[in-house]
Amino acid sequence: MLSLFSFSGMDLDTGSLNVPYADKITHFIFYSGFAFLGVLCFRERTNGVLNINRTIRIVVITAIVYGIIIEILQYTVTTDRMAEFGDVLANILGTFAGIGLIRWGFSKKNPLKWKF
């Protein structure tokens, strides 16, 4: 829930490194990991009962809805955080990148050893 935490007033020394769109890159990387690990965890917890496509669908919907809810909460609940459409877009793109990694990692050509 750090998405709703206010960092104002804290001395966060970022040094001289200034990365353009660092916030969006962070959203993209976080949601890539969210989707990738979400599919792996969900499949493991359900012992592979659901097929991979259904598992992916559940994780994608969960990630996107979660990202939108967090942005809405940032807008409505916090006073110094902003909701941005760019963050939602980075979340969605990151989610699909994570799913792409899952599909690539478990492709028919060189599949990882996991029963589908």
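Start by selecting isoleucine 72, which lies in helix H2. This is a predicted model, so every value on the tour is computed from it. Isoleucine 72 has a relative accessible area of 48%, so it counts as partly exposed. Now add alanine 83 to your selection: the two residues are 11 positions apart along the chain, and their C-alpha atoms are separated by 6.5 Å.

**One step back along H2**

Move to glutamate 71, also found in helix H2. Is glutamate 71 buried or exposed? Its relative accessibility is 4%, and because buried means under 20%, glutamate 71 counts as buried. Show what surrounds this residue, leaving out its neighbours within four places in sequence. Glutamate 71 is then in contact with His27, Met82, Ala83, Glu84, Asp87 and Val88.

Next, click on isoleucine 70, again in helix H2. With a relative accessible area of 5%, isoleucine 70 is buried. Draw a distance from its C-alpha atom to that of alanine 83, and you should get 8.5 Å for two residues 13 apart along the chain.

Then go to valine 65 in H2. Valine 65 has 42% relative accessibility and so counts as partly exposed. Its C-alpha atom is 9.7 Å from that of isoleucine 92, a residue 27 positions away along the chain.

**Zoom out to the whole chain**

How many helices and strands does the chain have? There are three helices and zero strands, and from the N terminus on the elements run α-α-α. Colour residues 22-45 for H1, residues 52-76 for H2 and residues 85-105 for H3. Of the 116 residues in the chain, 26% are buried. Among contacts with a separation of 6 or more, 70% join residues 24 or more positions apart.

**H2 against H3**

Hide H1 for a moment. H2 and H3 pack at an angle of about 160°, with their axes 9 Å apart. The two helices are therefore roughly antiparallel to each other, since angles over 145 degrees count that way. Their crossing is right-handed. To see the contact, select Ile52, Asn53, Ile56, Val60, Ala63, Ile64, Gly67, Ile68 and Glu71 on H2. On H3, add Asp87, Val88, Asn91, Ile92, Thr95, Phe96, Ile99, Ile102 and Arg103. Coloured by class, this contact has 11 nonpolar, four polar and three charged residues.

**H1 against H2**

Bring H1 back and hide H3. Here the angle is about 140° and the axes are 9 Å apart. H1 and H2 are therefore oblique to each other, and H1 passes H2 in a right-handed crossing. On the H1 side, pick His27, Tyr31, Phe34, Ala35, Gly38, Val39, Phe42 and Arg43. The H2 side includes Ile52, Thr55, Ile56, Ile58 and Val59, and also Glu71, the buried glutamate you visited earlier. By class, the contact of H1 with H2 has 11 nonpolar, five polar and two charged residues.

**H1 against H3**

Now show H1 and H3 together. They pack at an angle of about 40°, with their axes 7 Å apart. That makes H1 oblique to H3, and the crossing of this pair is right-handed. Residues to look for on H1 include His27, Phe28, Tyr31, Ala35 and Val39. Across from them on H3, the contact includes Ala90, Gly94, Gly98, Ile99 and Ile102. What classes do the residues of this contact divide into? There are 12 nonpolar, seven polar and three charged.

**Last stop: the core**

In soluble globular proteins, nonpolar side chains tend to be buried together. To see the largest nonpolar core in this model, select Ala35, Val39, Ile52, Ile56, Val59, Val60, Ile99, Ile102 and Phe106, nine residues in all. H1, H2 and H3 each give two or more residues to this core. Which helix gives the largest share? That is H2, with four residues. Leave these side chains on display and turn the model slowly. You can pick out Ala35 and Val39 from the contact of H1 with H3, and Ile52, Ile56 and Val60 from the contact of H2 with H3.

Note on methods: Residues are numbered from 1 along each chain as its sequence is written. This is a predicted model: local features need pLDDT of at least 70, side-chain atom pairs count only at pLDDT 80 or more; totals for chains, interfaces and linings use all residues. Side-chain values use heavy atoms; hydrogens and water are left out. Axes are lines fitted to C-alpha atoms, for helices over the stretch in contact, and angles run from 0 to 180 degrees between N-to-C directions. Angles under 35 degrees count as roughly parallel, over 145 as roughly antiparallel, 65 to 115 as roughly perpendicular and the rest as oblique. A crossing is left-handed if the near helix is turned anticlockwise from the far one by less than a right angle, and right-handed if clockwise. Contact means heavy atoms within 4.5 Å. Ala, Val, Leu, Ile, Met, Phe, Trp, Tyr, Cys and Pro count as nonpolar, Asp, Glu, Lys and Arg as charged, and the others, Gly among them, as polar. A nonpolar core is a set of buried Ala, Val, Leu, Ile, Met, Phe, Trp, Tyr and Cys residues joined through side-chain atoms within 4.5 Å. Buried means under 20% relative accessible area, exposed over 50%, partly exposed in between (1.4 Å probe, protein chains only).
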